[in-house]
Amino acid sequence: MALDAEVKKMQAAGVPVVSLGVGEPDFATPTPISNAAKQALDEGFTHYTASAGITELKQAIADKLKEENNCNYTTEEIIINPGSKFSLYLTFQVLCNPGDEVLIPTPTWSTYIEQVKMTGATPVLIPLSAPFKLTATDLEKYASPKIKAILLNTPSNPTGAVIDPAELEKIAELAVSKNWWIITDEIYEKIIYSNKHLSVASLSPEIKAKTITINGFSKAYAMTGWRLGYTAASKEIISAMNAIQSQTTSNACSIAQKAALGAFTPETETTVQAMVKEFTARRQLVLDHLSPIKKLGVTAPEGAFYFFVSIEKLLGNTYPTSAKWCEALLTEKKVAVVPGEAFAAPGYFRLSFACSRETLQKGLQGITQFIQD
Ligand code: PLP
């Protein structure tokens, strides 16, 4: 977000920056969603709602979780939050006390680390190397009585890695055997290029009891500005989250909640499929462009809309860190990517392909030229 602010500042000053930094789809919010919002406005649905969200939407989410994810949740086991970032914040606030530890595989989205710290608990980082696929063996090495929870994010931001189904089961079983909570951020579930997404909570009733499933509308439905996410977990967890939500933000925006009902329609599903098709083509475009460059370490993402590229071979006296390299790329070629430091993984950059093919081509050319120079 800091980089995005810098890019917007440069663009406002007339500098033609090509941004491959953003983590939001460039598509318009699907029409059934916007139409449902317009209708909510026309009908005057513009007041407070129940803090945990409107029943209609909680029911629609419960139905979705059953049909698509094979998870049975009642409406009392679901809370609608103003963005899944806030779902995560509430989750950590509810679970963690000072002295607790939370296992976070890296590279990771920095929000998890900061939100764990906000509770006084300690994030314990588990470094993974390419292709960044977490295994139960990775986790086992970090087992300690202080661990309260593990964080899973599959498909992942920033790597696009998807945890293998058999491994996901082993990880979940390990967590249950150690009495760890499983916090699973599944916000990129629909943007996937290989297998179908597998939800941790669907694996067994014992696993579901220890799982907190987080999801949201931002990525699949291009709704980042609407601020709408949700959490599914046991009644106790949801009611504790609701206690904090009701004393902080009250409810998620009433209009956005009504709008989200438009997400669960065949028309929107078709639009989502078209978006994923376009992401698939852009992913190939990046692969074709960057794979032949020997000095880069490129792993094809299995989900989400990011490449996490190793530039370790390009670092040295001129650019000692990936942060310096990315800064120089921005200054010299006016191309913005996010340095690995932002994801607790120096030596890399994250490239987002949630932009037009034209922008992507320009950005890729800038990167290639910068490496050649
Ligand atoms: N989880 C992950 C992994 C993300 O990458 C993001 C946004 O970048 C979010 C959650 C937050 O999404 P929201 O817009 O619902 O707060």
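Asp-185 sits across from Ile-214 of strand β7, and that pairing is a handy way into this predicted model, where local features need pLDDT of at least 70, side-chain atom pairs count only at pLDDT 80 or more, and totals for chains, interfaces and linings use all residues. Residue numbers start from 1 along each chain as its sequence is written, and side-chain values use heavy atoms, with hydrogens and water left out.

Strand β7 covers residues 211-216; strands here are DSSP runs of E with at least two residues, helices are runs of H or I with at least four, and both are numbered from the N terminus. On one side, β7 pairs in the parallel sense with β6 (residues 181-185) over 4 bridges, where pairing takes at least two DSSP bridges between two strands. β7 is also joined by 4 bridges to β8 (residues 229-232), this time running antiparallel, and Asn-215 stands opposite Tyr-230 there. Strands of a sheet pair through backbone hydrogen bonds, in either a parallel or an antiparallel arrangement.

As for cover, 6 of the 6 residues in β7 are buried, meaning under 20% relative accessible area, as opposed to exposed at over 50% and partly exposed in between (1.4 Å probe, protein chains only). In a regular strand, side chains alternate between the two faces of the sheet. In β7, Thr-211, Thr-213 and Asn-215 point one way, while Ile-212, Ile-214 and Gly-216 point the other, and all are buried.

Asp-185 turns up again at the ligand. Among the 13 residues around the ligand, those that come nearest are Ser-84, Asp-185, Ser-218, Lys-219 and Arg-227; to count as near, a residue needs a heavy atom within 4 Å. A side-chain N or O atom of Asp-185 is 2.6 Å from a nitrogen atom of the ligand. Ser-84 has a side-chain N or O atom 2.7 Å from a ligand oxygen atom, and a polar side-chain atom of Asn-157 lies 2.8 Å from an oxygen atom of the ligand.

Asn-215 and Tyr-230 come back in the lining of the second largest cavity, together with Lys-64, Ile-187, Glu-189, Lys-190, Gly-216, Phe-217, Ala-220, Tyr-221 and Phe-264. On a 1 Å grid over the protein atoms alone, a cavity is a set of points where a 1.4 Å probe fits but cannot get out, a pocket is an open set with protein on both sides within 12 Å along at least five of seven lines, and lining residues have an atom within 4 Å of a point. The volume of this second largest cavity is about 70 Å³, where volume is the space filled by probe spheres set on the grid points, joined across faces, edges and corners. Its lining has 6 nonpolar, 2 polar and 3 charged residues; Ala, Val, Leu, Ile, Met, Phe, Trp, Tyr, Cys and Pro count as nonpolar, Asp, Glu, Lys and Arg as charged, and the others, Gly among them, as polar.

The whole structure holds 4 cavities of 30 Å³ or more. The largest cavity comes to about 180 Å³, and of its 17 lining residues, Pro-105, Pro-107, Leu-128, Asn-153 and Ser-156 are the closest to its centre. Strands β3 (101-106) and β5 (147-153) are the elements that give two or more residues to that lining, which splits into 10 nonpolar, 6 polar and 1 charged.

Glu-189 and Lys-190 also help line the second largest pocket, along with Glu-68, Asn-69, Ile-192, Lys-196, His-197, Glu-269, Val-272, Gln-273 and Val-276. Two elements, α3 (55-69) and α11 (266-290), give two or more residues to this lining, and α11 gives the most, with 4. The pocket holds about 230 Å³ of space, and its lining divides into 3 nonpolar, 3 polar and 5 charged residues.

Helix α3 is also home to Ala-60, which counts as buried because its relative accessibility is 17%. Ala-60 and Phe-264 are 204 residues apart in sequence, yet their C-alpha atoms are 7.3 Å apart in space.

Elsewhere, Asn-81 lies in strand β2 (residues 78-81) and is buried, with a relative accessible area of 0%. Its side chain makes a polar contact with that of Gln-245 at 2.8 Å (a pair of N or O atoms within 3.5 Å; within protein, one must be able to donate a hydrogen and the other to accept it, and residues adjacent in sequence count only if both atoms are side-chain atoms).
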